[in-house]
Structures are given as structure tokens and as C-alpha cells.
Amino acid sequence: MLETVHRAQDRAEDAAEDAAAAEGRAEQAEADRDEAAVQLAMAWREWTSSSSSQRLLGAIDWSSTAVTALLEDVEALAGEGAGPEADRELARLDALAQQVAAPARARHAQQVATLEARARQDTARREELLAEAEELRQERDLSPVAPDWVDNAPHGAPALWELLEFRPKVDAEARAGIEGALLASGLLHGVFTQDGDIVAGKGQLLLSTGRPTALRSLRTVLAPSCSDAADAARVTSVLDQIALSPGHPTWVSMDGSWGNGPLTGRHLPSAARYIGTAARAAARAARLTEIDLLLQELQQAAQARSEAQDALRAWLRDLEEHLMQAPRSVQLATLRLQAAAARKDAVAALKQAGTLAEEAERLQRAWTARHLHHREVCTALGMPEDAEGLRSTQTSAQQAQTTCRNLQRAGEAVTKHLTRWQRLVGRLGEVREARGAAERDADSATLAWSREASELAALRDSLGSSPQKVHELLDAAERELKQTKGALQRAHADVLALTGKVAAAKEKAHGARETARQARQALVLQAQALHRRLSHPALAVALEPGTIAPPALLSESSSAEDILAAVREVSAAVRRPESTADATALVRAQSVLERHTAGAYDVTVTVEDDLHVVELTDASGRRHVADAAAELRERRDRGRSALTERERTAFSAFVLGGMAEELRNRIHEAERLVDAMNTSLQPITTSHGIGVQIRWRLADSANEHVMRIKDLMQRDVRVLRDEESDELITRLKALVDVAYSNDPQAGYATHLRTALDYRTWHVVDAYITGPGPKQERKISRRAKLSQGETRFVSYVTLFAAADAYFSGLPDTGRALRLILLDDAFAKVDHRTIGELMALLVRMDLDFVMTGHALWGFFEEVPALDAYEVRRAEGTAAVTTHVHWDGHTRHLRAAS
């Protein structure tokens, strides 16, 4: 039962350890999940504020999108985030990039469609221009552009402009004005009717026959160009009815003005283009030139469209790549599931641990109850309570039980034998009668046998042995002969085998005698070599004092046992080195010896009888290295004894002359600094009431010297008693000696600095306070702080340390209270950054910081200069200087 209880307790303890491990895994998974949430928020901040987003997506109001919460708080996605709403939130984040890109895609599609429409228009226009140029090259005249109220002339019906030609003496300016007036009035487009009238394409009458002839008509400047006399007459008639100046119903002027009844107007082109063969040819050439220019413009427009289309395609590729780089929530979703699973496992493990603990407690209670009952029963029965006593009692009971069983079996055997005896006693009379009858029959048979035996002996004596007996004796003799021959053959075989073994044994014995002889010779030689080496003065230092070489090593008549005993005696006298040495170690040691004794001794190494003998030589002669070492130790001891008293006197003067007081002041200053830090940290808490306090204490590794030194330095050294001063000096010197033993190569100043560095005696612990009163705990993973609170505690501790240090300087009014932070406030949300910078302002700490998207424009900050450095790949950096005056940002020239 007790073993069952112990097993249950072991299972409960294992389950508790598993639950603690599962809790640790769950906390780690939750920390990883929250870290991924913060990273996702920071990634969204970086993505939304990047120059690529602004360039590709345009101006986006992110405050109305799914990323709003992340921009306000980087820990918005931290926490469990379980349920459909959390999944929908992540889905909205994943779809946000495509959602905000829809307007940009629409603009892109519209621009592409516009370019394609322009391309189609330009293609049609180009085809028209090419067709027109072809017609012009075939000397087809250009027709004047007709007004809206005039249709083109019917096919085959020549217009008036095709039937006219300027007279040679008319100058170019007059030609341009006359043609412009005819063109604007519509007469130039007119065609002849059968009656000789001039009508427009839609039938409007422009000039009828029978009108009065002008005194100065167009015939003075124009003439018919047709070869047909009838057509020439009609053209001449029309020209006569059109005056060359006002005052006639239908007139034109050389300045481009005209009149036709109540209608008047004016149109003065730069040159005549339609009247006359030469004008029309020049017009065709000018038009061809114009068409070439227009075609070039269309080609340039096509090239510009191609570049614009390439730019749009590149923009679309950049957009797609940028959208592919948009943060994804897959890792966060996975870590949420893993954290939930880990938390579920932790809860299950905790529940299992609780169940097993309850089961173990139940078994413990049951065992306790049964043990109490057992004690009562044992007391009542007069039996021992302990297991050993009960086992002894059980053994005695088992022995008694075995004895009783044996006694029972013996009793049963006795009973069986008694029953048989009684049965035999009952048959005794009957057996006696049968015995009497048998004895009588035996007597009768004996008499008969005797008689017949006498007769047979008499017969044998008379006739001799029988043939059967002779044959039996002969068979026995043959069998014995055969057995004798077999034994003889086996004896011969054994003799041959033993002869071979004897020869082999003799050969082995001879070889063994030879091997033993050689071994003895080698043993004697080695013993004599050992005797010579033991007599060498260079080995004296390796032996215990008073050790001499045993005579048995030198005598050739000594037995192997005597030599081995002598070797064991020598081995016991050899001083055991701390480590063995090989040839490499010997060379290395020789090199070190030569380096350390350079200038004082010459090192000589010789090999004598396989011994590497090292000797040192100076002006006084040569000596073995052991003798030289002893001589050097003696010198050192004499010098040390002379130096120790001077050293202690100097060290005492050094300690009591000001060092101890300086060390005491430094320790008290550090304690005051910690108190000032705690005073500065006292009112600083998070919104949840989390604060921080600092403890400065002796390190766990501090030895008794450090603890006693700090205790003695609580008072001024000038008021210490003599024995306390001596103790202080002795313990401080002990610290210096320890530093020297750790690094003998360093100088004495280094040893003093290492031993008397009070900072290494202490450690600094940061304790988290709150949210409850008098509640504090060390900063650890189990402190149950969010990442934001952990960073807040770290930063405020740093700021308080700087504040306390600067406030303790001698001239605080002129001291530069400046701190430098690289990558400041990383992964800290915007609101907390404002609180931390406000804390810097309250502590009157100036700062220089670098960071990503770190501006610091908060109302609590009275003045700030921010420099933003931007650089695209392969280009120079551009710096923007923004000054914050506590209310407004001002862009200034970067210097």
C-alpha cells in the first residue's frame, strides 16, 4: 500500500513537472505569438508608410481600413485572438493590399484604355494621311474645305475653282485675298447649272445669270483655265458679274473681303492654294510636307505611347511585386493555433497534475487511515508495528507453520504405520502357521537334496567332467585371450602418443630455458641500468630523501624475486609528478626555461644513459636544474622575507592613507545613486499600475573577505580599532593576492584595480512593483508582463539611472544631461513612445536617438529636431530636417 502511495506521489510530481514544462511551452508559444503580432503590425506600418506604397497606391486613408488598429497600437493583434471574428480580422488584413490596390488598378486600366484608343485614332489618322499623300503624289488637286452649308460637288461636275486661273500680272498678296474672299463666300465651291447659274452643293443659289455686269470685274485678274469654248464663255460670264470692289451686288476685294447681297465677310489666307495650276501644285507640295510632319508627330506620339505603355506595365509589375510583399498573417495564425494548442496542453497537463495530486492525496489519506488501524490492531495483538518486526514475526509464523505441517505429515505417517502394524498383528497367527508348514517342507526338501547330491558326487567321481563344462571353460579362455590382445594394442598406441608428447615437452623445456636465460640477462642489464640511473645526481630530486639504490640491482647472482622487490622499493620512493611528459612537453618546457632564464643562465641539455640532463651555467659554474631551482627558491624566500615587511608597511600606508576612505565613499555614493534612482522611479507607473524598483546588494559569489570588508567600511577607518585596521588590511591584501594568483603576468596596478573594484562585489536586481500594494517580483518570463510593459520597465530603469547619475555630478547646473539611444523604442507602440519621451522631458534629459519612423512630435516635448535620411539603391542619400516647436512642424534646410 505504501509503495502504491509513493508511486502515486511520484506520478503526481512528474505530472506537476510536466505541467510546469507545458506551462513554460505555452508561455513561450504565447510570447512567440505576441512577438509575431507585433512584427506583423510593424510590417504593416512599414509597408503602408513606404515610398513604394505612396508611389504605387497613391494617397490612401489608412485610418478607414482594416489596418487602423495596428497603426494606433502595435500590440492590437497580441493576445489569444480566438474565434471567427479574429479569423475574419486576419482575412481582412490579408485582403487589404488587394483592396487598396483596386483604385490604382482601375486608374491603370483607364490609362491603358486611353492609350489604346489614342493608338487606334492615330492609326486611322496615319492611314488617312498616307492615302492623301498618295493621291497628292498622283497630282490630284486639293479641294477647298467646304463650309457646313455646302456639300461637296457632285462627281464629274467641276467646281468654279477648277475652272479659273490668275492672270500673270496679279501679285501673290492679291491672289491670296481674292481666293480667300471667293472661298469664304462659297463662290469658289459653286458649280454651274444648265441655265448657267452658280449654285452650292445643296442647291443654294449663289450667282444667277442676267445680273448686271461689273465695271471692274474679276475678269481683270482671273481667266478661264478650261479648253472648252462653251465652258470658257460661262466662266467669263460669271467673272463679269462679280465686281472687284464694293458697290456691286456680288463683289470681292483683294484684301479678302466680300459681299453677296446682304451677306458680307472677310477671309485672308497666307497664299493662294486652289486657283491656278501653279498654286495647286505648291499647295500639294506644302500639304505633302505637312503630311510628313504630321506622320512624324504620329510616330513620336506612338513612341511616347509605347514608352508610356512600358511604364504602365512596369508600374503594374511593381504594384504586383509590392502587393506580394504585403505582410501576411499566416505565421500569426499558425502561432495562434500553436499557442492555443500549447495552452490547451498546459491546461490539460495542469488538470492531469491536479487529478494525480488528488489521487495521491486520497491514497495518502487511505494509507494513513489503514496505518492507524494497523497500529491499533498491532497494539491489541501485541505485535510490532514496524515492517521489520512484522517481517520477523511473519518469518517466525511461516517457520511455525512449516514445523506444524511437518509434524502433521509425521503424525499421518505414524498413524499409517500404526494401522499397518495393527493389521500385521492381526495376521501374525496365520503367518506363524504358514511358517511352521514351510519349515517342515524345507526340512524334507533338504534331506532329499542331500541324498541326491551325494549320489551326483559319487557319479562324477566315477565318470570325470562333462563335455558341456569343458566347452564352457574353452569359451571363457578364448574370450579372455581376445580381451588381452585388445588391451595390448591399446597399450602400444598409448606408448606411441606419449613418446611424441615427451619429445615436444623436451623441445618446449629447452626453449623455455633459453628464453628464461635471455630474460634473466635482460633483467640483470635493466637492473644494473636502473642502479646507475638511481646513482645519477640529476635524479636525486625525484626520489624521497635518503633513498639509495638497492644492492640487489647490481648483483648478477640476485634472483628475479629479489630484483622485483628492489624495483618495487624504488618505485615506492619515487615522487609522483602532477602530469606525465613526452618529447613535445620536454621541448616546450626547455623553451620556457630558456626564455625565463635568458641573461642569467645558459641552459645545457645532454643525454646520458637515456636521461635528458638539464643544467644551468652562470659565472659561478654549472649546476643541475634541480639544484639551480633550489638555489633560486632560497634566493626568492630571502628576498620575499625582506620584501614582505616593506610591502605590508607600504600597503598599510596605502589603505589607511586614503584608499579605504575613497572606497568607502564610492560604495556610499553608489548606494545614494540607487536610492536616487528609486526616488525617481517611485511615481512612474504604467496605465495598469506596473512600476519598477532597484536593489543593489552583495553578489552571491562574494566571499567572506568581501562581506567583512564591507562591514568594516561602514565606519570611518580613522575610528577603527588597531585589530580592525589590521584585519581590514589583511583582507584587502588577501583579495590582491587572489587576483595575483589568477593572473600572475599582470602588473600590481592591475591586481589592485581588479581586487578593489567594488562593482564586482555587487549585483543590481530590478524588481517589478504592482499592480497590487506591496507586490513585487523580479523581471523574468514568469512576470506575466506584456512586451510593451517589459520594454517600458527597461526604458524607465535606464532613464532613472541616467537621471540619478547626472544629478550626482559636482556641477549639476553645467553638466550635459545627454543620453544616446540607437534604434530607440523598437517595437514600442506610438502611445507608449509619447509617455517615455514625456518622461525624458520631466527628468530634464537631453537625447540623441536613431530609429525607424521615429519622429517624437508630441505635445509633451517642447522642442525637437528630426532628420530623416532616405536613399534609394544606387543613389545618394537625401536628408530632411524637420523642427518641432511643441505645436507645429517646420521644414528647414538640412545642413
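**Notebook: sheets, helices and a pocket in a predicted model**

Entry 1. I looked first at an open sheet of three strands, which has the order E6-E7-E8 with antiparallel pairing. The strands, like the helices, are DSSP runs numbered from the N terminus (helices are H or I with at least four residues, strands are E with at least two). Two strands count as paired if DSSP finds at least two bridges between them. Strand E6 (250-252) and E8 stand at the edges with a single partner strand each, so one side of each is left without a neighbour in the sheet. I noted that the twist averages 10 degrees from one strand to the next; axes here are lines fitted to C-alpha atoms, for helices over the stretch in contact, and angles run from 0 to 180 degrees between N-to-C directions.

I recorded that this is a predicted model, in which local features need pLDDT of at least 70 and side-chain atom pairs count only at pLDDT 80 or more, while totals for chains, interfaces and linings use all residues. Residues are numbered from 1 along each chain as its sequence is written, and side-chain values use heavy atoms, with hydrogens and water left out.

Entry 2. I then followed the bridges of this sheet. E6 and E7 run antiparallel and are joined by three bridges, and Val 252 has Trp 258 in E7 as its bridge partner. Strand E7 (residues 257-260) pairs with strand E8 (residues 263-266) over four bridges, in the antiparallel sense. Here Ser 257 has Arg 266 in E8 as its bridge partner. The hairpin of E7 and E8 has two residues between the strands, and Gly 261 takes a positive phi near 70 degrees there.

Entry 3. Which residues other than glycine did I find with a positive phi? Asp 823 has a phi near 55 degrees, and Asp 844 has one near 60 degrees. Asp 823 lies in the loop between strand E15 (818-821) and H18, whereas Asp 844 lies in the loop between H18 and E16. I noted Asp 823 as partly exposed, with a relative accessible area of 45% (buried means under 20%, exposed over 50%, partly exposed in between, with a 1.4 Å probe and protein chains only).

Entry 4. I looked up helix H15 (residues 722-742), whose 21 residues reach 30 Å from the first C-alpha to the last, close to the 30 Å expected at 1.5 Å a residue. The expected span is 1.5 Å times one less than the number of residues. Among the buried residues of H15 are Glu 724, Arg 731 and Lys 733, as well as Leu 728 and Ile 729.

Entry 5. I turned last to the largest pocket, which has a volume of about 1700 Å³. Its lining has 47 residues, and His 852, Ala 853, Leu 854, Trp 855 and Glu 868 lie nearest its centre. A pocket is an open set of points on a 1 Å grid over the protein atoms alone, where a 1.4 Å probe fits, with protein on both sides within 12 Å along at least five of seven lines; lining residues have an atom within 4 Å of a point. The volume is the space filled by probe spheres set on the points, which are joined across faces, edges and corners. E17 gives the most to this lining, with seven residues.
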